[in-house]
Amino acid sequence: MSSSLSSPTALLHFLKSTYPSTVSSATSEADLPALSHHLFPHSSYSDNEKVETSQWLTTSSRLAAPNEDEAKHAERLGSLNIHLSTRTTLLGSKPSVADVALYYRLAPAVKSWSIQERTGEHGYHHIVRFIDFVQNAPLFALSVSDEDKVPINLDDIKFVHKPLDAKEEKERKKKEKAAAAAQTSLPVGKGKGEDDAKPSKQEKAPEAARSAEGKVTAENAKQPKKEKKEKQPKQPPKEAPLSPCLIDLRVGHILKAINHPNADSLYVSTIACGDPPGTDNTSEHEGQTVRTVCSGLNGLVPLEEMQGRKIIAVCNLKPVTMRGIKSAAMVLAASPKLKEGAEDDHKGPVELVEPPADAKAGERVIFEGWAGDPEAVLNPKKKVWETLQPGFTTTEGLEVGFDIVGVPQLQDGENVGKPTGKLVTRSGGTCTVKSLKSAVVR
């Protein structure tokens with residue numbers, strides 16, 4: 001195998017040697033994502049699977065890059081290991097050219113791994129299983145000699161992950177809590193069985209010293225006692241008035257989007273929202289701080305339209321776990337307003353809210369006439385989002401705006417007669433949708 005494993009040329013050479021009747025000398029790097037159908041004609045691939053295959057080809061190249069940061073490399077391996085924990089191949093059960101590429105680029109590294117790296121407690125068990133499957137399965141029929149194959153001893157497993165028993169875990173936590181409570185109930189400085197009647201050092205002190213400590217001069221006795229000032233109760237923090245400015249709306253840049261592995265209706269997107277490194281509920285992707293976001297757009301917005309585009313993200317909702325993946329924001333989208341009495345069949349159409357083309361990831365967007373600072377995290381108990389969201393709409397000019405008609409709590413005082421405020425960036429551009437007028441935006 002070539003030493004330049006991340007090179008598309010080296011991968012193409014390997015594919016040509018393995019599948020000479022399918023991969024010709026005219027095949028180029030641009031043809032790689034479309035090769036799956038030719039290599040495995042008995043499998044069919046949806047548009048989403050083709051996009052995912054392309055993404056895995058890119059990931060496999062980065063895993064083989066010689067200059068990749070060590071921490072980033074470990075993070076990629078960890079994510080891959082988790083992905084393969086419930087799959088036979090990268091696409092689930094279907095073979096693809098991405099499987100061959102990942103094997104070619106990763107096998108030399110796996111070959112050099114220690115047994116702990118392979119099957120230890122923190123090893124990459126599922127990657128090892130994948131490598132063994134691809135190099136030996138007749139389905140792939142790789143042109144790899146026995147000497148070049150990764151030697152894998154299926155009986156040499158250092159650590160077997162025991163499935164978590166919910167009842168045992170609950171009982172364990174209960175016992176720990178009880179033990180902690182018992183420990184804190186003991187007098188400070190004493191343990192169980194200690195003699196409470198044991199005289200203290202003060203009791204052993206000379207009588208003269210004790211009497212001296214208790215003397216009070218006549219002069220001191222005449223002095224009036226100082227009155228203790230009553231402690232003023234702490235005032236609760238002033239609650240900000242209800243306003244759409246409390247919602248942290250920002251321009252987001254989708255770096256990649258894939259199908260949710262456990263939910264047919266969801267996408268999982270990696271979105272840059274301008275967060276500084278180390279922000280809660282963020283991670284690092286290709287040198288950028290990103291949020292993982294689950295959105296119910298699968299089947300409503302084509303996956304290819306999600307790739308690399310700018311969107312508007314709601315960034316201060318409390319993170320929620322959606323079918324095993326924590327989602328740390330929400331993608332803003334518009335859909336037609338339902339007629340009275342009608343039920344939402346979730347069939348669309350749906351259009352993503354689009355920021356101005358020159359807007360940068362992380363740029364704050366606000367509704368005109370509603371200036372102010374957003375909450376750090378919206379308190380779910382106060383239902384700020386649920387109260388204000390009905391005011392989010394689109395105009396006849398396809399601009400996204402906020403109309404108090406949808407929010408009865410704002411229809412008084414200085415807000416009476418307030419016009420619809422357009423959703424604009426700090427730099428002045430307006431957020432829009434493609435075609436939906438008077439739509440629901442959420």
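This passage describes a sheet, two nonpolar cores and one buried arginine in a predicted model. Residues are numbered from 1 along each chain as its sequence is written. In this predicted model, local features need pLDDT of at least 70 and side-chain atom pairs count only at pLDDT 80 or more, while totals for chains, interfaces and linings use all residues; side-chain values use heavy atoms, with hydrogens and water left out.

We may start with the sheet. Six strands (E, DSSP runs of at least two residues, numbered from the N terminus, as are helices, H or I, of at least four) form an open sheet in the order E3-E4-E2-E1-E5-E8, with antiparallel pairing; two strands pair if DSSP finds at least two bridges between them. Strands E3 (283-285) and E8 (330-331) stand at the edges, each with a single partner strand, so one side of each is left without a neighbour in the sheet.

The largest nonpolar core (buried Ala, Val, Leu, Ile, Met, Phe, Trp, Tyr and Cys residues joined through side-chain atoms within 4.5 Å) holds 42 residues, of which Leu15, Tyr19, Leu80, Leu106, Ile127 and Leu142 touch the most other members. Its largest share, ten residues, comes from H5. Another core, of 30 residues, lies apart from it and includes Leu249 and Phe402.

Arg76 belongs to helix H4 (residues 70-84). With a relative accessible area of 12%, Arg76 is buried (under 20%; exposed is over 50%, partly exposed in between, with a 1.4 Å probe and protein chains only). Not counting residues up to four places away in sequence, Arg76 touches Arg62, Leu63, Glu68 and Glu286 (contact means heavy atoms within 4.5 Å).
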